[in-house]
Protein chains: 6
Amino acid sequence: MEISARNQIRGRVTSVSLGAVMAEVEVDVSAATIASAITASSVARLGIKVGDEVTVIIKATEVMLGVKIRRGRRASTRRPGLTR
Amino acid sequence: MEISARNQIRGRVTSVSLGAVMAEVEVDVSAATIASAITASSVARLGIKVGDEVTVIIKATEVMLGVKIRRGRRASTRRPGLTR
Amino acid sequence: MEISARNQIRGRVTSVSLGAVMAEVEVDVSAATIASAITASSVARLGIKVGDEVTVIIKATEVMLGVKIRRGRRASTRRPGLTR
Amino acid sequence: MEISARNQIRGRVTSVSLGAVMAEVEVDVSAATIASAITASSVARLGIKVGDEVTVIIKATEVMLGVKIRRGRRASTRRPGLTR
Amino acid sequence: MEISARNQIRGRVTSVSLGAVMAEVEVDVSAATIASAITASSVARLGIKVGDEVTVIIKATEVMLGVKIRRGRRASTRRPGLTR
Amino acid sequence: MEISARNQIRGRVTSVSLGAVMAEVEVDVSAATIASAITASSVARLGIKVGDEVTVIIKATEVMLGVKIRRGRRASTRRPGLTR
C-alpha cells in the first residue's frame, strides 16, 4: 500500500520504551534521530524492536517550520497578549 | 525559546507553493525532502522563501512507523473488517 | 508496508475537491462518509479519483470521543473560564 | 454543541485501557473497530466505560489515504532518499 | 455532546478567510487570538461568520510547550545533527 | 527561533503528571487552563515544573471550532449514518 503521507523516511530503531498505553520509539535516519510516540499495542502488533529497519511516516499538515529571529523583523507582527 | 517538540531538524527551503489559506513548503534536510503544510499567513509572517535555512519541527505523537510485511506475521493480528 | 496507525478502514472515493495546496477527498466506508484533507500533490501523486478503492488511515492519538451529556454529571468537573 | 470536525461516527466502547497519563479506548462502529488514545483524565471526566455509546470524532486534516500499489505507477514519482 | 478534547475555550470570531478547500478562522478569546484552519465546507456547514460566539477545541496531544532558554541548560542534551 | 505555529500563548505551569512515556502538563493562561500531553522525556529535557513560565504552542490545523446548535439549522446537513 502506498500512502498519502508526504514524508516517509527510512531508518533504524535505536530505542523502544514501553509504557502502559503509549510507547516511544527512536529511529536513526541519516543526520537525525526521530522520536515517535505510538501506542504500545502498535509496537507489539508490528513487533518493533531495536535494530529493525522502519519507515518514519509524517503527514505534511503536522510539520511546522522555525526560522532564526532576524533583528527588526518581529516588530510589526506582534500583537498584545500573544508571543510570536 | 526551546520547544517540547522532540523532532527538530535543520534544512533549506527548496519550494514554496501558496494557496489562498494554506501553503506547502518543501525543505531539504540531508537524505530527505520534508513537506510542510502550514498557513499561507505563517509563510508571510516568517517571510519564508526558497533558499532560507529553516528548522523542521515535528511533535513525536505525530510520527508513525511503517515496517515491511514479513511473511506469516500478520495472520494472528487481523480482524474482519479492518485492514491492518 | 504495514504501518503503526491503528485505524485503517477500506472504502471507496465518492468526491475529490482540489484547491491550490490542499484537497478534500470523501470516502464511503460502510455506515459513514469519511472526509480527508490532504495535499493536492498527494492526490496527484497517488492518482486518487472518484470510484477508487482506498484505505482511510488514522493514528489513534488523533481520535477524540464524545458522549451524550447526562444530567448532573458535569457539575463537579467544571472550572470557571472553561467550557467542558 | 456542534463541532467543525468532519468525521463523527457513533459506536460502542469495547475496551478501556488506562495508563498513568494516557488511555486507549476501542470503539466498535459498524464494519471497524476504532482505537482512540486520549488522556486518562478525559476518560475519568467523561466516565467512559465498556458498553457506553460514544461518538468517534476525527478532524479531516488528520485522515490519510492509502492506495494499493499498481504496477508501473511509482517509477516517475520516486526520489532518491525518500520511500514513497 | 460532551467531548474528550481537554481544551475548550469560548471566544468570538474576528475573521474568516475562505480558500477552495481550507478556511482560516480567527477567534478572540481573552488574552489571545486563536487561529484555526478547518475545511471551508465545515465553515459553511456550521455557518461560521465574524461576530459568532464559538468554542475553540484542542486535543491535549496537539499542545506543545516552549520555555525560554536558560544559560548552560542545553549543553548536555544536544546531539550532533539535531537542533534542540 | 520563531516558529510557524500560529498560536503561542504565555502561561504558568500549574501541574505536571508523569507517566512512563507520556506526561500531562497543565498551564494557566488568562481565562483558561490548557492541558498538554507531551513525552515525559521532553518534560525532563526542558526541566518543566510547577510554577515555570512557559509558552503554549498550537498549530492552526489542530484547532477545531464548536458552535451552539441553533434550532432548525441541522436538518439539511444531516446524512444517514453520520452524527453531525
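**Reading the interfaces and shared sheets of a predicted model**

Reply: In this predicted model, a turn of 180° with a shift of 0.0 Å along the axis lays chain A on chain B, and the RMSD is 0.0 Å. That is how a two-fold axis relates its copies.

Me: Which surface does each of the two copies use to meet the other?

Reply: Of the interface residues of chain A, 100% are also interface residues in chain B, so the copies meet through the same surface. The contact takes 41 residues from chain A and 41 residues from chain B.

Me: How is the size of an interface usually given?

Reply: It is often stated as the accessible area that is lost when the parts come together. Here, chain A and chain B bury about 3,600 Å² between them, and carbon and sulfur atoms give 59% of that area. On the side of chain A, the residues that lose the most area to chain B are A:Arg6, A:Arg45 and A:Leu65, which together make up 17% of what that side buries.

Me: How many salt bridges and polar contacts does the rule find across the interface of chain A and chain B?

Reply: The rule finds four salt bridges there. One joins the side chains of A:Arg6 and B:Glu24, at 2.8 Å from N to O. A:Arg6 is thus named twice, once for lost area and once for this salt bridge. As for polar contacts, the rule finds 14 residue pairs, both residues being at pLDDT 80 or more.

Me: Which elements of chain A give two or more residues to the side that touches chain B?

Reply: They are strand 2 (7–18), strand 3 (22–29), strand 4 (32–39), helix 1 (40–46), strand 5 (53–58) and strand 6 (64–67) of chain A. Strand 4 of chain A gives the most, with seven residues. Sorted by class, this side of chain A has 20 nonpolar, nine polar and twelve charged residues.

Me: How do strands of a sheet pair, in general?

Reply: They pair through backbone hydrogen bonds, and the sense is either parallel or antiparallel. In this model, such pairing also crosses between chains: strand 6 of chain A and strand 5 (residues 53–58) of chain B are antiparallel over three bridges. Within strand 5 of chain B, the residue opposite A:Met64 is B:Ile57.

Me: What is the order of the strands in the sheet that holds strand 6 of chain A?

Reply: The order is 4(B)-3(B)-2(B)-5(B)-6(A)-1(F), an open sheet of six strands with antiparallel pairing. Its edges are strand 4 (32–39) of chain B and strand 1 (2–3) of chain F, each of which pairs on one side only. Inside the sheet, strand 2 (residues 7–18) of chain B runs antiparallel to strand 5 of chain B, and six bridges join them. B:Arg10 stands opposite B:Thr55 in that strand 5.

Me: What is the order in the sheet that holds strand 1 of chain D?

Reply: Six strands form an open sheet in the order 1(D)-6(F)-5(E)-2(E)-3(E)-4(E), again with antiparallel pairing. Strand 1 (2–3) of chain D and strand 4 (32–39) of chain E are the edge strands, pairing on one side only. Strand 2 (residues 7–18) and strand 3 (residues 22–29) of chain E are antiparallel over six bridges, and E:Val13 stands opposite E:Val27 in strand 3 of chain E.

Me: What turn lays chain E on chain B?

Reply: A turn of 120°, with a shift of 0.0 Å along the axis and an RMSD of 0.0 Å. This is the relation of a three-fold axis. The copies use different surfaces here, as 14% of the contact residues of chain E recur in chain B.

Me: How many residues does each chain give to the contact of chain E and chain B, and what area do they bury?

Reply: Chain E gives 21 residues and chain B gives 18 residues. The buried area is about 1,600 Å², with 54% of it on carbon and sulfur atoms. The rule finds zero salt bridges across this interface and five residue pairs in polar contact, both at pLDDT 80 or more. Strand 2, strand 3 and strand 6 (64–67) of chain E each supply at least two residues to the side that touches chain B, and strand 6 of chain E gives the most, with four residues. By class, that side of chain E has ten nonpolar, five polar and six charged residues.

Me: Where do strands pair between chain E and chain B?

Reply: Strand 1 (residues 2–3) of chain B pairs with strand 6 of chain E, antiparallel over two bridges. There, B:Ile3 stands opposite E:Gly66.

Key: Residues are numbered from 1 along each chain as its sequence is written. Chains are lettered from A and ligands numbered from 1 in the order in which they are written. This is a predicted model: local features need pLDDT of at least 70, side-chain atom pairs count only at pLDDT 80 or more; totals for chains, interfaces and linings use all residues. Side-chain values use heavy atoms; hydrogens and water are left out. Contact means heavy atoms within 4.5 Å. Buried area is the accessible area (1.4 Å probe) that two parts lose on being put together, summed over both. A polar contact is a pair of N or O atoms within 3.5 Å; within protein, one must be able to donate a hydrogen and the other to accept it, and residues adjacent in sequence count only if both atoms are side-chain atoms. Ala, Val, Leu, Ile, Met, Phe, Trp, Tyr, Cys and Pro count as nonpolar, Asp, Glu, Lys and Arg as charged, and the others, Gly among them, as polar. Two strands pair if DSSP finds at least two bridges between them. Copies are superposed by least squares on the C-alpha atoms of residues with pLDDT of at least 70 in both.
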